[in-house]
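Me: I would like a close look at a single part of this protein, and I would like to understand how that part is tied into its surroundings. Please take one strand and go through it with care.

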Amino acid sequence: MLTRLCFFSRYNLVVNLVLCSSFTLLSGCSVPSVWNDEAEVTQEIQAVAPVSGDMQISTLTEQQVKFTVLASLPSDVSETSGLAMRYGKLWTINDSGDGAFLYKLNLSNQFIETKLKVTDAVNRDWESLAQDDTYLYIADCGNNSGKRDTFQIYQVPWHEIDIAPNGSRLSSDRINIKLEKQTADLEAYEHNYDCEAITMVDNQLWLFSKNWQDQQTQLYQAEFGTSPQLLKAQQTLPVQGLITAVDYHQPSGQLALLGYSKQRLFGYAFIWIFDVVGGEVDLSHAKYYQLPEYSQWEGLLWKNDKTLLISAESSPLSSAALAEVVLPSH
């Protein structure tokens, strides 16, 4: 049973405001949290992709994409900020406020199946997970406040995770990274040196910045094993929003980026789909989809070549949740 999933449909804004505001008086349910442009308050319209220079964009519509909220998540992972999958099981982490823990989810009964401690690690602001066949990577790179001049990426061996009973401790290795021109005296929420998205592409860690200032994203590339590393931006993607997650599907060469608009009042969440060609993000055939439900979606994972799983952390307006996004075949 889903609990307190008061998501805010941008197509039913007025109805939801009235109904959930009335319901609040009776049960404490908050008004759901999807907003959009004021022009959309009174009429249903299709999402329109942002104009991004020479980037060729195909806008995916509600009729083309199937969006389903699958489950509410346990309160232990109310700050879920990353997703990974191993042998059909989902793993997640919390961001700042939690310890250095990994959580394996049992979605059938909506409880934590396994909780593991990562040793020699600190959760200052864990924001993303990446994986290959050998390791799970944890990115401690959240920097909304602009007060960090270095980030950490932890590497945890899957062979330990696979056999670890609940409550076990895991070993880890760490690298320190710094983005070029990153300093520790930036204005909160008004800079381009935040990061909440990493993935593995052809044995290389790709990091995507969360640009509060210009609402683009920069691609940075890191190699595990060398520390510290100074990373230089390799590409700029005009995504026109704040990127919170990324995942790469190696068999199809597809890169998915998850994010939301900087404005919260009448805001929205979105997904970009790009091809990776020759070690670069191909901007010539981008796909853009605006999610029908707005929440703080922060975890992203390819389930197969046309299905994405996304997770949202809880807020005063909605519960932590897991959703599925099924893309069109062509």
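Reply: What follows is a description of strand 19, with its partners, its sheet and the cores around it.

The model is predicted, so that local features are given only where pLDDT is at least 70 and side-chain atom pairs only at pLDDT 80 or more, while totals for chains, interfaces and linings use all residues. Residues are numbered from 1 along each chain as its sequence is written, and side-chain values use heavy atoms, with hydrogens and water left out.

As a setting, the protein chain has 2 helices and 25 strands, where helices (H or I, at least four residues) and strands (E, at least two) are DSSP runs numbered from the N terminus. Of its 330 residues, 55% count as buried, buried meaning under 20% relative accessible area, exposed over 50% and partly exposed in between, with a 1.4 Å probe and protein chains only. Among contacts (heavy atoms within 4.5 Å) between residues at least 6 apart in sequence, 57% join residues at least 24 apart.

Strand 19 spans residues 254-260, and 7 of its 7 residues are buried. In a regular strand the side chains alternate between the two faces of the sheet. Here both faces are covered, for Q254, A256, L258 and Y260 are buried on one side, and L255, L257 and G259 are buried on the other.

Strands of a sheet pair through backbone hydrogen bonds, either parallel or antiparallel; two strands are taken to pair if DSSP finds at least two bridges between them. On one flank, strand 18 (residues 242-249) runs antiparallel to strand 19 and is joined to it by 7 bridges. Within this pairing Y248 stands opposite L255, and I243 stands opposite G259. The two strands form a hairpin with 4 residues between them, and in this hairpin G253 takes a positive phi near 70°. Strand 19 also pairs with strand 20 (residues 269-277), again in the antiparallel sense and over 7 bridges, and in that pairing Q254 stands opposite D275.

These pairings belong to an open sheet of 5 strands in the order 2-21-20-19-18, in which the pairing is mixed. Its edges are strand 2 (57-60) and strand 18, each of which pairs on one side only. Neighbouring strands of the sheet are turned by 25° against each other on average, direction ignored; the axes behind this angle are lines fitted to C-alpha atoms, for helices over the stretch in contact, and angles run from 0 to 180 degrees between N-to-C directions.

The strand also contributes to the nonpolar packing, a nonpolar core being a set of buried Ala, Val, Leu, Ile, Met, Phe, Trp, Tyr and Cys residues joined through side-chain atoms within 4.5 Å. The largest such core has 24 residues, and those with the most contacts inside it are L291, W297, L308, I310 and V325. At least two residues of this core come from each of strand 18, strand 19, strand 20, strand 23 (297-304), strand 24 (307-312) and strand 25 (321-326). Apart from this core lies another, of 21 residues, which includes L255, F274, V281 and Y288. Returning to the largest core, V325 touches I271, Y289, L291, L308 and I310, among others, when residues up to four places away in sequence are not counted.
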